[in-house]
Amino acid sequence: MIKSLVTGGCGFIGSHLVNRLIDLGHEVIVLDRVKHHNPNPKATYYLHDLSENYTKYIHLFEGVSNVFHMASDVSIPYCVAKPNESMANNILSTMNVLECSRIHNADRFVFSSTSAVYGNSMFHPKYETNQVQCLNTYSISKYSGEQLCEMYYHLYGLKTIMFRYFNVYGEGQHKTGQYAPVMSIFKRQKDNKEPLTIVDPGYQTRDFVHVSDVVYANILATQRDLEHYGQVFNIGTGEGTEIQTIADLISDYQIIIPQRSAEVLHSTANIDKVKNVLGWKWSIKVIEWVKKNLK
């Protein structure tokens, strides 16, 4: 039986990954600093702050083949308000999990990064070779994690793969806060009989990728043998969807709010690399999902 370990396995994406790994017959260990409200009974959960001394949990990596590192502070407002705490947690946890994986000879290490590293770059679509422009400690910590993963491959031979997720959505998505997908915010507003808040001008586009397709990419990363590791891949659809289009599917009761400072008008992934190297393809269209789940 393949043994896999998921950090942040109580979160939105992590929970879906845990369930899929269980379905595939893996023995799954979850490390998180919060408890899951609906844990998978076939997985084993441990409460740990991964930024603390790794001697407290390194034994849990023994015999692990695949490590999926998803744990991090993901709230951008929190990272802005608490830069020291967010940097310490995200970077130290990544360093610790990499070291535990190296010491116990994990076969694969898959790191969850973010398209936020592209910042306000006007390049459209975004290629992995675009220059990064980190605007806050969240994106800086994720880019630093990518650099650590690349170093661990070249220096120690740990087979690392890094994914830059675009706008992930799906069942169980966050309903509030900066990390909530816009359609989830719209649904909450509709349920509360509030107007949908459309950020001016409304025709800005985002690359929405379903959580099941993100999980599929993570699984493929452990099944494909690459010529070189320490590589980063965009995970999106390559298609931009207007925010106004999403809103119109959910409710006609809308208001326009001022444009946010330095907000990118269009954000879309180029996914040629992940298709060619990993053979990954996305399958769920955001418009069809909204029609089915949020109308």
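**Helix H3, its sheet and two cysteines**

Visitor: What makes residues of H3 count as buried, and which are they?

Guide: Buried means under 20% relative accessible area, exposed over 50% and partly exposed in between, with a 1.4 Å probe and protein chains only; in H3, this holds for Ser 86, Asn 89, Asn 90, Ser 93, Thr 94, Asn 96, Val 97, Leu 98, Glu 99, Cys 100 and Ser 101. The model is predicted, so local features need pLDDT of at least 70 and side-chain atom pairs 80 or more, while totals for chains, interfaces and linings use all residues. Residues are numbered from 1 along each chain as its sequence is written, and side-chain values use heavy atoms, without hydrogens and water.

Visitor: Why is Cys 100 called buried?

Guide: Its relative accessibility is 0%, and the limit is under 20%, so Cys 100 counts as buried.

Visitor: How do you know that Cys 10 is in no disulfide?

Guide: A disulfide is a pair of cysteine sulfur atoms within 2.5 Å, and the nearest cysteine sulfur to that of Cys 10, in Cys 100, is 18 Å away. The sulfur of Cys 100 is itself 14 Å from the closest cysteine sulfur, in Cys 149, which is too far for a bond. By this rule the count of disulfides is zero.

Visitor: What span is expected for H3, and what does the helix reach?

Guide: The expected span is 1.5 Å times one less than the number of residues; H3, with 21 residues, reaches 30 Å from its first C-alpha to its last, close to the 30 Å expected.

Technical notes:
Helices (H or I, at least four residues) and strands (E, at least two) are DSSP runs, numbered from the N terminus.
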